[in-house]
Amino acid sequence: QPTALDQPLGTGDGTTAAFQLSKTYGSTFNPWTRAIKKPVAGSVLIAVAGALQTSGTAYTVDQDTGVVVFLPGHVPAEDAPVTAGFEFDVPVRFDTDKLEINIQGFRHGAIPSIPIVEIRL
C-alpha cells in the first residue's frame, strides 16, 4: 500500500511548482531512478515536509506524463522535501508474433513463457 513518504521527488525552492513522479530502485551504493509516466488514477499521495497534501486542492497529477503540479499557494517552500507514493502501470507489447502453448490434458494446459517488451514513452 503506497504512503506519501515512499519516494523522494525533490526539494522545494519556493518557486518550482512541477515535479516528475519517479521511482528509485537499488541500494544507496548504485541507485537507479526511473520517471513514472502512467500513475494509476487515484493512487498518488503527495507530502511536503512530511505533511500529506490534498489532491485537487494543493496539487494535480497529469495521468499521461506523471507530472505533479502544485497549485498557487501550495508551492513547496525552500528546503521542504517533496515525497510521493503511488501505483503505476508499465506499457508493454508482446515480443513475438506467436505464443507456444502446451495442452497437457483435456481441461488444462500451459504457456511456458509469454515474452513481453516494455514500450518506452
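**Entry 1: Asp 64 and its partner**

I looked up Asp 64 in this predicted model and found it exposed, because its relative accessible area is 55% and the cut-off for exposed is over 50%. Its side chain meets that of Lys 38 in a salt bridge, which I noted at 3.6 Å, N to O. This pair links distant parts of the chain, since Asp 64 belongs to the loop between S7 and S8 and Lys 38 to the loop between S4 and S5, 26 residues apart. For Lys 38 I wrote down 29% relative accessibility, so Lys 38 counts as partly exposed.

**Entry 2: the other salt bridge**

How many salt bridges does the count come to? I get two, and having dealt with Asp 64 and Lys 38, I turned to Glu 118 and Arg 34, whose closest N and O atoms are 2.4 Å apart. Glu 118 lies in strand S11 and Arg 34 in strand S4, so this salt bridge ties together parts that are 84 residues apart in sequence. The side chains of Glu 118 and Arg 34 are also listed as making a polar contact, again at 2.4 Å.

Is Arg 34 buried or exposed? I recorded Arg 34 as buried, because its relative accessibility is 16% and buried means under 20%. Glu 118, at 30%, counts as partly exposed, so I describe the bridge as one between a partly exposed acid and a buried base.

I then listed the surroundings of each partner, leaving aside neighbours within four places in sequence. Glu 118 is in contact with Arg 34, Val 90, Pro 91 and Val 92, and I noted that Glu 118 and Val 92, though 26 residues apart in sequence, are 4.3 Å apart in space, C-alpha to C-alpha. Arg 34, in strand S4 (residues 32–35), touches Leu 21, Ser 22, Lys 23, Tyr 25, Val 90 and Glu 118. Two residues on that list, Lys 23 and Tyr 25, came up again when I looked at charges over rings: the charged end of Lys 23 sits over the ring of Tyr 25, 5.2 Å from its centre.

**Entry 3: beyond strand S11**

I went on to Leu 121, which is found in the segment after strand S11 (116–118). With 57% relative accessibility, Leu 121 counts as exposed. Outside the residues up to four places away in sequence, Leu 121 touches Lys 37, Lys 38 and Pro 91; I marked Lys 38 as the residue that forms the salt bridge with Asp 64, and Pro 91 as one of the contacts of Glu 118. As a further distance I took Leu 121 to Leu 99, which are 22 residues apart in sequence and 25 Å apart in space, C-alpha to C-alpha.

**Entry 4: the nonpolar core**

Which residues of the largest nonpolar core touch the most other members? Of its 16 residues, I noted Leu 9, Leu 21, Ile 46, Tyr 59, Val 68, Phe 70 and Val 82. The elements that give two or more residues to this core are strands S5 (45–48), S7 (59–61), S8 (67–70) and S9 (81–85). As background I added that, in soluble globular proteins, nonpolar side chains tend to be buried together.

I followed Leu 21 in detail, not counting residues up to four places away in sequence, and its contacts include Leu 9, Ile 46 and Val 68, which I had just noted in the core. Arg 34 is also among the contacts of Leu 21, and Arg 34 is the partner of Glu 118 in the salt bridge of Entry 2.

**Entry 5: aromatic rings**

My search of the whole structure gave four aromatic pairs. I examined Phe 19 and Phe 70, whose ring centres are 5.8 Å apart and whose planes stand at 90°, so the pair is edge-to-face. Phe 19 in strand S2 (residues 18–20) and Phe 70 in strand S8 are 51 residues apart, and the pair links distant parts of the chain. Both Phe 19 and Phe 70 are buried, and together with Tyr 59 they form one aromatic cluster.

**Entry 6: positive phi angles**

Lastly I checked two backbone angles. Ala 49, in the loop between S5 and strand S6 (51–52), has a phi near 55°, a positive value in a residue other than glycine. Asp 79, in the loop between S8 and S9, likewise has a positive phi, near 70°. I recorded Ala 49 as exposed at 54% relative accessibility, and Asp 79 as exposed at 60%.

Notes
Residues numbered from 1 in each chain as written. Predicted model: local features only at pLDDT ≥ 70, side-chain atom pairs only at ≥ 80, totals over all residues. Heavy atoms only, no water. Core = buried A, V, L, I, M, F, W, Y, C linked by side-chain atoms within 4.5 Å. Buried < 20%, exposed > 50% of the residue type's maximum accessible area, 1.4 Å probe, protein only. Helix = DSSP H or I, 4+ residues; strand = E, 2+ residues; numbered from the N terminus. Contact = heavy atoms within 4.5 Å. Polar contact = N/O pair within 3.5 Å; in protein donor to acceptor, adjacent residues only side chain to side chain. Salt bridge = Lys/Arg side-chain N within 4 Å of Asp/Glu carboxyl O. Phe/Tyr/Trp six-rings, centres within 6.5 Å; stacked < 30°, edge-to-face > 60°. Lys NZ or Arg CZ within 6 Å of the ring centre and 35° of its normal.
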